[in-house]
Amino acid sequence: MKCNNPDIKNLLTAYFENELAEKEERVVEEHLSHCSECLRELEEIKAFDKMLLSTPEIDPPQNSELNFKEKISQNKDISKRSMTITLNFSWREIAAAIVIFFAGTTAGLLLRTNSVTESASIANLETEISQMRQMLMAALITKESPSDRLKAVQYAEQINQPSSQVTETLIETLNSDPSVNVRLAAVNALQQFAVHQDIRSAMAASLKEQSDPLIQIVLIKMLVQMHEKSVVPTLQEFEADQQTHEMVKQEAQEALTVLL
Amino acid sequence: MNSLTDEEIMLDVKNGNTELLSFLYRRHQKHLFNFFMQIGTEYHQSEDFVQQVFFRILRYRNSYKEGAMFRKWMFTIARNLVKRDYEKQKHQKSIQLPQRLITEAPDDTDAGEKEEKIKELYKALESLQASDRELISLSRFQGMKYEAISEITGISVGAIKVRMHRALKKLREHYFENA
Ligand SMILES: [Zn+2]
C-alpha cells in the first residue's frame with residue numbers, strides 16, 4: 001500500500017529515537033497500524049541504526065593527551081607574560097588605587113574604633129564620605145591633568161551605591177577620555193558596578209568606540225566573563241576588520257567561540 | 001573522580017582546580033575527535049580542534065554556568081571553532097580519512113573488518129551536507145537529545161525531527177548504494 005501521509009512519514013526517525021511528544025506518538029502509531037510502507041521504513045531505520053552504532057570510533061593520535069598538557073603549560077607562560085605587561089602598564093594607577101584604598105580604610109578604622117559613636121552616626125558619616133567622594137570626583141574629572149582624572153575615577157570606584165550620575169560619568173570617561181590610563185581605570189571601576197544590566201550594555205557599546213588594543217582586550221575579557229551577548233556583533237566586526245590589532249582579533253575570535 | 005559527573009568536575013575546574021580538566025579531556029577527547037572527523041575535518045586538524053576546545057574551556061572556565069550541561073557547552077564551542085575556521089578557509093569541507101584507513105587494503109582480521117565498517121560509513125557521509133552530518137553525529141554518535149542539539153545548533157526541535165529523518169534516509173541510501 002502506498003503511503004498517503006508524507007508528514008507522518010517524516011516523523012518516523014524521531015518516533016524511533018523516542019523524540020516525539022505523546023500526542024505525535026499516538027498519531028504515528030495509529031498510522032503505522034494500517035500503513036505497511038511506513039512500517040517497512042521503520043524496520044529499515046532500526047536496522048540501519050544498529051549498523052551505525054556498531055561502527056567503531058576512529059582512534060585519535062596516541063600522544064593527544066600529552067600534547068594537550070604541553071599546550072596548557074605553554075599557555076601558563078603566555079598568561080604570565082601578558083599579566084606582566086598589564087602590570088607594567090598600569091603601575092601608576094595601582095599605586096594611586098592603593099593610596100586611596102588606605103585613605104578609605106583609615107577613615108573606616110577611625111570610625112569603628114570610636115566605640116562611643118552610635119552606628120547611626122557612623123552610617124551618616126559614611127554617607128557624607130560617599131557624598132564627598134562624589135563631589136571630589138565631579139571636580140577632578142574635568143581637570144586637565146590625567147592623574148587628577150585618574151583620582152576622580154578612583155573616587156568613583158569607592159562609592160558604595162553610585163548614583164546614575166556617577167556611572168554615567170564613568171562611562172563617558174571610558175568612551176572619551178584622551179588618556180589610556182584613565183580609561184583603563186574607568187573600566188576597572190565600572191566592572192564593580194556591572195551587576196546592573198545597563199552598565200554591562202554600556203560597556204559592550206563602548207567597545208565599539210575604543211581604539212586602544214589594551215582597552216579593547218580588557219573590555220572583551222570582562223564582557224565574556226559576564227556573558228554579555230550584546231557584544232557579539234562588535235566582536236564579529238573586529239574579526240572581519242583588517243585594521244584590528246592581531247591580539248584583539250585573537251581575543252575576539254576566542255570570545256566568539258564561547259559566547260555564540 | 002570517575003564517579004563524578006562532568007558538571008561536578010567542571011565546577012571544580014571553575015573553582016580553581018584546573019588540573020582536573022584532564023579528567024574531562026580523557027573522558028571526552030575520543031568522542032569529540034570523532035565528531036570533528038564525522039563532520040568532515042581532516043585527521044590532524046581534528047586533533048588540533050579537540051585541544052583548542054579544551055584550551056578554551058580552560059581559559060573561559062569562569063563563564064561556565066553552574067548546572068549547564070558540560071557536553072552541550074563543549075559541542076557549542078567545537079562547532080563554533082569549525083564554523084570560524086570554515087569561514088576563514090572559504091572552501092567546502094570534504095570528508096578526509098587518515099591515510100592509514102584509505103590506503104590499506106582490508107583483510108580478514110578483526111582490525112580489517114573494523115576499518116572496512118568505518119570506511120563505508122565515511123564514504124556515505126561524504127554525500128551529505130556538512131549541516132546534516134553534524135545533526136547525525138550529535139544524535140547517533142554523541143547520543144545527544146534533540147532538545148540539546150537544538151540549543152547547540154539553533155535549529156528548532158520541530159525542524160530537527162524532519163531534518164534528522166531526511167538526513168538519515170539519505171545516509172542510509174548512499175550506504176547501501178556503495179555496499
Ligand atoms: Zn505511511
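**A tour of the salt bridges**

Begin by selecting Lys9(A) and Glu37(A), whose side chains form a salt bridge with 2.4 Å from N to O. This contact joins distant parts of the chain, with Lys9(A) in helix 1 of chain A and Glu37(A) in helix 4 of chain A, 28 residues apart. The model is predicted. Colour the two residues by accessibility: Lys9(A) counts as buried, at 13% relative accessibility, and Glu37(A) is buried as well, with a relative accessible area of 14%.

Keep Glu37(A) selected and add Lys2(A); a salt bridge connects them, and their closest N and O atoms lie 4.0 Å apart. Here too, distant parts of the chain are linked: Glu37(A) belongs to helix 4 (residues 36-53) of chain A, while Lys2(A) sits in the segment before helix 1 (6-9) of chain A, 35 residues away. Is Lys2(A) buried or exposed? Lys2(A) is exposed, because its relative accessible area of 68% is over 50%.

Next, extend the selection to the network of salt bridges that links Lys2(A), Lys9(A), Glu37(A), Glu41(A), Glu44(A), Lys169(B) and Arg172(B).

Now move to Glu24(A) and Lys161(B), which form a salt bridge with the closest N and O atoms 2.7 Å apart. This pair crosses between chains, running from helix 3 (residues 22-32) of chain A, which holds Glu24(A), to helix 9 (residues 157-178) of chain B, which holds Lys161(B). Glu24(A) counts as partly exposed at 24% relative accessibility, whereas Lys161(B) is buried, with a relative accessible area of 9%.

Finally, display the salt bridges over all chains: the structure holds 22.

How values were computed
Residues numbered from 1 in each chain as written. Chains lettered and ligands numbered in written order. Predicted model: local features only at pLDDT ≥ 70, side-chain atom pairs only at ≥ 80, totals over all residues. Heavy atoms only, no water. Helix = DSSP H or I, 4+ residues; strand = E, 2+ residues; numbered from the N terminus. Buried < 20%, exposed > 50% of the residue type's maximum accessible area, 1.4 Å probe, protein only.
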